[in-house]
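Subject: Structure handover

Hello,

Here is the structure I said I would pass on. Please open it first, then read the notes below with it on screen.

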Amino acid sequence: MAFGTLAALLAGHALLETARDALFLEKLPAEYLPLAYLAIAAFALVVTGLNRQALQRFSRSRLLSASLVCGGLITAGFFVILATPSPLLLGALYVWTGLLATVVVVQYWLLLAERFDVGQAKRLFSIIGAGGLVGATLGSIAASALLLAIDARGLLVAAGVMFVVAAMVPLGFAPKTEAPVKRRRLQSAPKQLGVALLKDRYLLRLFAMILIGAVLVTGVDYLFKATAVVWVTGSGGDLGSFFARYYAIVNGISLAVQLVLAPRLLRWFGVTQTLLVLPAILLAGSVGFVLTLGLVPVLLLKGADGALRHSVYRTGTEILYLPLSRSV
């Protein structure tokens, strides 16, 4: 169920991401992307607070299903709204995509954290995570095929349908059982986590790692899309087809990494050393771009981010969260 949920969820997201990038960058300059990033961050603060309240009132599996159904309907609704696109509506689509991914991915991994202990996670998360990469790869391949018959706006309907399909799978999760997990308990109550963050070195390091990682991957994303627009439009290519094919290749590589490399790295080197792989490759790619200012280092940067962030890096990061108490 965990494998199937993540596969369907990220298949829908791959379709939506392809449509979003193509529609946004065909009409608006890449210089507008930072505004979209900032808007996602601002709205995410509000949505995360609402999500936290909902998690306290509803079961995590049903809340995830409800979020996916609503997300699918709103995504399909953008197909109608964007019949006459405007900069404001295209920006709303970009922000919506980021917000939906923020909510449902967090809800999904919180559901899994409720069902697995650390030992189980080390054995199973790399396999479960492969489900997301299978879905993302198939979603990108489907987007590439659909773009032969429809325009990028039509992918919004396909993405909405896939999200509704994904909503059905979590309902098959077994009833909640308490896993025998030894979790780190903080002295401070959850409402005082700001103080606890400064006092607890483990929490502080987790916070710093996630913060720095977010800055890095946002910069890589902007650099990739700004360069791709110049290169693809300059050569007379279609942005939708380019993004769909590129994401399919990257997701396919990521799937191979997840199935073959991630379990071995976690077993041989442990979680913390495995998490160094992605930063090391991003550093090498960044140096290559500074020295050459070429397209190839940018493609390698985004490729490394896409291939490792949702496989090796995500698996390791989620394991690091598990020792924390559920309230934290």
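**Starting at T218**

The side chain of T218 reaches the backbone oxygen of A214, at 2.7 Å. Keep in mind that this is a predicted model. T218 itself belongs to helix α8, which covers residues 201-234. With a relative accessible area of 33%, T218 is partly exposed, because that value falls between the 20% limit for buried and the 50% limit for exposed. If you look for Y37, you will find that its C-alpha atom and that of T218 are separated by 8.0 Å, although the two residues are 181 apart along the chain.

**The nonpolar patch**

Which helix gives the nonpolar patch its largest share? Helix α8 does, with 6 residues. The patch is on the surface, has an area of about 690 Å², and is made by L198, L204, F207, L211, I212, V215 and L216. One of these, F207, lies in α8. F207 is partly exposed, at a relative accessible area of 45%.

**Aromatic rings**

The count of aromatic pairs comes to 11. One of them is formed by F224 and F242, whose rings are stacked, with 6.3 Å from centre to centre and 25° between the planes. F224 is in helix α8 and F242 is in helix α9 (residues 239-274), so this pair ties together parts that are 18 residues apart in sequence. Are these two side by side in the buried or the exposed class? F224 counts as buried at 1% relative accessibility, and F242 is buried as well, at 15%.

A further pair is F243 with Y247: the ring centres are 5.9 Å apart and the planes are at 20°, so this pair is stacked too. Both residues are in helix α9, 4 residues apart, which separates them by about one helical turn. F243 and Y247 are both buried.

These four residues belong to one aromatic cluster, which is made up of F224, W231, F242, F243, Y246 and Y247.

**Charges over rings**

Two places are worth finding on screen. R20 lies over the face of Y94, at 4.2 Å from the ring centre. In the other, the charged end of R153 sits over the ring of F79, 4.1 Å from the centre of that ring.

Regards

Definitions and conventions. Residues numbered from 1 in each chain as written. Predicted model: local features only at pLDDT ≥ 70, side-chain atom pairs only at ≥ 80, totals over all residues. Heavy atoms only, no water. Helix = DSSP H or I, 4+ residues; strand = E, 2+ residues; numbered from the N terminus. Buried < 20%, exposed > 50% of the residue type's maximum accessible area, 1.4 Å probe, protein only. Polar contact = N/O pair within 3.5 Å; in protein donor to acceptor, adjacent residues only side chain to side chain. Patch = residues over 30% accessible without salt bridge, like charges linked within 9 Å, V, L, I, M, F, W, Y side chains within 5 Å. Areas by Shrake-Rupley, 256 points an atom, 1.4 Å probe, with all protein chains shown as cover. Salt bridge = Lys/Arg side-chain N within 4 Å of Asp/Glu carboxyl O. Phe/Tyr/Trp six-rings, centres within 6.5 Å; stacked < 30°, edge-to-face > 60°. Lys NZ or Arg CZ within 6 Å of the ring centre and 35° of its normal.
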